[in-house]
Amino acid sequence: MPGVGFADGSRLLEGSIVYALVVFTDIAEVDLERATPCSEWTLRELLWHVNESMADLHEGIVTGGVELFKVGQGAMVSAPTPKPGPTITAQVLASRLLSVVSMRESSPSLSIGDRPLDGGVAASVGAIEVAAHAWDISHACGHNLDVPKQLARDLLELSHSVIPESHRSPFFAPPVKVGPSASETDKFVAFLGRMPG
């Protein structure tokens, strides 16, 4: 994705993390077994997935690389770490990631395993994932908190660049059609294959 610098990517990632932190403060223990828009995961499982993503982003920005190991059929996952609880962990990891992103002026490249990745692209993709899953979490809890309007607009534009139709599956469902009067948040999540509203 040419033309996305780390400053632009980190600005979007900062916005997504701030939105996620608001969502994370309103999760009750009784919510953790709820179904989510990610049909294969309960809210507890989705939170752990988001936590792993935020931990990987933090590691990549700070060290320039994310260490991975192969499991089973060659799937690559992050090395596990002790976990005190998904909600508290999410708040801690999001705050830590926000602090690092806001202080870092550049991250020209990083690697995931042995695969190099431009720092701006990594931050931008992270911004999409964090915001989308924060929306999933908010809707699973019944709070329906929209992504801030400008952030949703920017993330939608970015998503068109980084999610080509040929590479949607298995990570994203087909886009959901929405009308021209749909909110910026609805347009963003619908493009990612979520049912808005």
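Student: How many disulfides does a search of the whole structure find?

Tutor: A disulfide is a covalent bond between the sulfur atoms of two cysteines. The search counts a pair of cysteine sulfur atoms within 2.5 Å, and over the whole structure it finds zero disulfides. Before we go on, keep in mind that this is a predicted model: local features need pLDDT of at least 70, side-chain atom pairs count only at pLDDT 80 or more, and totals for chains, interfaces and linings use all residues. Residues are numbered from 1 along each chain as its sequence is written, and side-chain values use heavy atoms, with hydrogens and water left out.

Student: Is C38 buried or exposed? And C141, buried or exposed?

Tutor: Here, buried means under 20% relative accessible area, exposed means over 50%, and partly exposed is in between (1.4 Å probe, protein chains only). C38 has a relative accessible area of 9%, so it is buried. C141 counts as buried too, because its relative accessibility is 8%.

Student: What does the secondary structure come to?

Tutor: Helices (H or I, at least four residues) and strands (E, at least two) are DSSP runs, numbered from the N terminus. The protein has six helices and five strands, and along the sequence they follow the pattern α-α-β-β-β-α-β-β-α-α-α.

Student: What share of the protein is buried, and how much area does the protein expose?

Tutor: Of the 197 residues, 44% are buried. The exposed area is about 10300 Å², with carbon and sulfur atoms supplying 57% of it; such areas come from the Shrake-Rupley method with a 1.4 Å probe, and for residues only the protein chains shown count as cover.

Student: Which residues touch the most other members of the largest nonpolar core?

Tutor: In soluble globular proteins, nonpolar side chains tend to be buried together. A nonpolar core is a set of buried Ala, Val, Leu, Ile, Met, Phe, Trp, Tyr and Cys residues joined through side-chain atoms within 4.5 Å. The largest one here has 47 residues, and L13, F24, M54, I137, L155 and F188 touch the most other members. Two or more residues come from each of α1 (6-24), α2 (43-63), α3 (86-103), α4 (119-140), α5 (149-162) and α6 (184-191). The largest share, 10 residues, is from α4.

Student: What is F24 in contact with, beyond its neighbours within four places in sequence?

Tutor: Contact means heavy atoms within 4.5 Å. With those neighbours set aside, F24 is in contact with L47, V50, M54, T87, A90, Q91, A94 and I137. For the whole protein, 71% of the contacts with a separation of 6 or more are between residues 24 or more positions apart.

Student: Where is S16, and is S16 buried or exposed?

Tutor: S16 is in helix α1. Its relative accessible area is 0%, so S16 is buried. Outside the four-place window in sequence, it is in contact with A127, V130, A131, L151 and L155.

Student: How do I read the length and the sides of α3?

Tutor: For length, the expected span of a helix is 1.5 Å times one less than its number of residues. With 18 residues, α3 reaches 26 Å from its first C-alpha to its last, close to the 26 Å expected. For the sides, P86, T87, T89, A90, L93, A94, L97, L98, V100 and V101 are buried. They sit on the same side of α3 because they cover an arc of only 165° around the axis; that arc is taken over the directions from the helix axis to the C-beta atoms. On the other side, I88, V92 and M103 are exposed.

Student: What about α2 and α6?

Tutor: α2 has 21 residues and reaches 30 Å, close to the 30 Å expected. Its buried residues include L43, W48, M54 and I61. α6 is mostly covered, with six of its eight residues buried: E184, T185, F188, V189, A190 and F191.

Student: Which residue other than glycine has a positive phi?

Tutor: Most residues other than glycine have a negative phi. One with a positive value is N144, where phi is near 55°. N144 lies in the loop between α4 and α5, and it is partly exposed because its relative accessible area is 42%. Glycines with positive phi turn up after helices here: G64 just after α2, at about 85°, and G193 after α6, near 95°.
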